[in-house]
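Here is a set of short exercises to work through with the model open in your viewer. Try each task before you read its solution.

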Amino acid sequence: MTHISSWRSPSNIALIKYWGKHGIQLPNNPSLSFTLSACHTDMTMHVTPGSSNPQLNVLYDGNERPAFEPKIKSFFNRIADQLPWLLQSSIMIDSINTFPHGAGIASSASSMSAMALCLMDIDSQVNARTDELKNAAWWNKVSELARLGSGSACRSVFPVAALWGEVSGISGSSNSYATPWADHVSSIYHDYQDSILVVSNAEKSVSSTEGHELMSGHAYEETRYAEARKNIHTLIESMKTENAIDQFISVCESEALQLHALMMSGKKPFVLIEPASISIIKEVWRFRNETNIPVCFTLDAGPNVHLLYPASYKESVLGWIKTNLVPFCADGFFILDEVGTGPQKI
Ligand code: DP6
């Protein structure tokens, strides 16, 4: 018998950055992210358990992609103790991302969370358990599996916002899986905008995994983890109301700049931002000072700039992007995304 599952799962953008890990994908500091909407992966998985000669077949948009197989196989080996049928099954995976490959948008969060959702759904089918989607423990398990695929993916499975990693004073916070955070933030953050300015389409020169490794023995290692722990408390407080947006902005921008400062100040330094990223940052500061529109930036592990702002400023910000920021984007390309409602079974 073949089991089939299809899920749409979004990407996410960290406000407090996960940078540095230990053990099997455990974070060295807590992180907090917005769950996105437009940037997502659609995945369908076919699983035939009990196969005498199990095959893995990985497609992207209907075309064979054997290059993706080694990463998926090592993920499967890592989680096989939790899904006993996995290694004895023939599996076909077909997926597609809404954001173009080479747009510099990390696909691991959306694809690994989609994969965890399909696997957990199929696990329910294999074991003939129903109604599990409504169960909080089921979602924690999805988040945990996603984390084992890619750390940041564990935050993609919850609507609006997610917290990952132990935070003092927050019961239920865990290094193993993310905690849903929508109920802890003001309604202005439920449809917050994220306009992604694509400065470069080039492949990342340093992978996240290498970047995380460079945190061990970094001169600022302990200071950074202490800063992240302090920043997460400040951010959590600021997001409870719509009146502390200045504090929200100051933590977000500081986290983004710290992430890149850490890259530049390690034992094996590297630079991922581009001159255009800096020009955009300066223009954000100028525009915000001049107009009082509370737009701020954050950065991922790459040169692209995410502009974060309340939905009520959509029109003015879009006008400004078109006139002042598009010249800094590769081929004028940008993506209008926003905070979203989390994964969906399709
Ligand atoms: C800068 O989750 O991609 O985007 O766990 O090695 O797969 P792995 O790393 P990954 O790291 C993301 C780093 C970041 C910050 C963040 O998303 O918190």
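**Exercise 1. Strand pairing**

Task: Work out how strand β10 is joined to β13, and how many bridges do the joining.

Solution: Start with β10, residues 193-197: 5 bridges join this strand to β13, and the two run antiparallel. Bear in mind that you're looking at a predicted model. For one concrete bridge, pick Ile196, whose partner in β13 is Ile335. Now zoom out: β10 and β13 belong to an open sheet of 4 strands, in the order β11-β12-β10-β13, with antiparallel pairing. The edges are β11 (296-299) and β13 (334-338), each of which pairs on one side only. From one strand to the next, the twist averages 25°.

**Exercise 2. Helices on the sheet**

Task: Find out which strands helix α6 lies across, and which strands helix α8 lies across.

Solution: Take α6 (residues 245-264) to begin with. This helix lies across β11 and β12 (305-309), and runs at about 30° to β11. Then go to α8, residues 314-325, which lies across β10, β12 and β13. The angle of α8 to β12 is about 155°.

**Exercise 3. Disulfides**

Task: Count the disulfides, then explain why Cys118 has no bonding partner.

Solution: The count is 0. To see why, look for the cysteine sulfur closest to that of Cys118: it sits in Cys154, 18 Å away, which is too far for a bond. A disulfide would need the sulfur atoms within 2.5 Å. Run the search from Cys154 and you land back on Cys118, again at 18 Å and too far. As for accessibility, Cys118 is buried with a relative accessible area of 0%, and Cys154 is buried with a value of 0% too.

**Exercise 4. The surroundings of Trp19**

Task: Is Trp19 buried or exposed, and which residues does Trp19 touch beyond its sequence neighbours?

Solution: Locate Trp19 in the loop between β1 (3-16) and β2 (21-22). Its relative accessible area is 5%, so Trp19 counts as buried. Next, list the contacts, skipping residues up to four places away in sequence: among them are Asn29, Ser208, Tyr225, Leu259, Phe270 and Ala301. His212 is another residue that Trp19 touches. The C-alpha atoms of Trp19 and His212 are separated by 5.4 Å, although their positions lie 193 residues apart along the chain.

**Exercise 5. Aromatic pairs**

Task: Classify the ring pair of Tyr18 and Trp164, then do likewise for Tyr189 and Phe248.

Solution: There are 13 aromatic pairs to choose from. For Tyr18 and Trp164, the ring centres are 4.6 Å apart and the planes are at 65°, so call this pair edge-to-face. The two rings come from distant parts of the chain, 146 residues apart: Tyr18 is in the loop between β1 and β2, and Trp164 is in strand β8 (residues 161-164). Both residues are buried.

On to Tyr189 and Phe248: with centres 4.8 Å apart and planes at 40°, the pair is tilted. Here, too, distant parts of the chain are linked, with Tyr189 in the loop between β9 (178-180) and β10, and Phe248 in helix α6, 59 residues apart. Tyr189 and Phe248 are buried. To finish, follow the ring pairs outward and you'll get a cluster of Phe34, Tyr189, Tyr192 and Phe248.

**Exercise 6. Nonpolar cores**

Task: In the largest nonpolar core, which residues touch the most other members, and which element gives the largest share?

Solution: This core has 38 residues, and those touching the most other members are Met45, Phe76, Ile79, Ile93, Met115 and Leu119. Elements giving two or more residues include β4 (31-48), α1 (69-79), α2 (108-126) and α3 (136-149). The largest share, 9 residues, comes from α2. Now zoom in on Met45: leaving aside neighbours within four places in sequence, its contacts include His3, Ile4, Ile93, Met115, Cys118 and Leu119. Lastly, look for another core apart from this one: it has 30 residues, among them Leu15, Ile188, Ala228 and Cys252.

Methods:
Residues are numbered from 1 along each chain as its sequence is written. This is a predicted model: local features need pLDDT of at least 70, side-chain atom pairs count only at pLDDT 80 or more; totals for chains, interfaces and linings use all residues. Side-chain values use heavy atoms; hydrogens and water are left out. Buried means under 20% relative accessible area, exposed over 50%, partly exposed in between (1.4 Å probe, protein chains only). Contact means heavy atoms within 4.5 Å. Two strands pair if DSSP finds at least two bridges between them. Axes are lines fitted to C-alpha atoms, for helices over the stretch in contact, and angles run from 0 to 180 degrees between N-to-C directions. Rings of Phe, Tyr and Trp (its six-membered ring) pair if their centres lie within 6.5 Å; planes under 30 degrees apart count as stacked, over 60 as edge-to-face and the rest as tilted. A nonpolar core is a set of buried Ala, Val, Leu, Ile, Met, Phe, Trp, Tyr and Cys residues joined through side-chain atoms within 4.5 Å.
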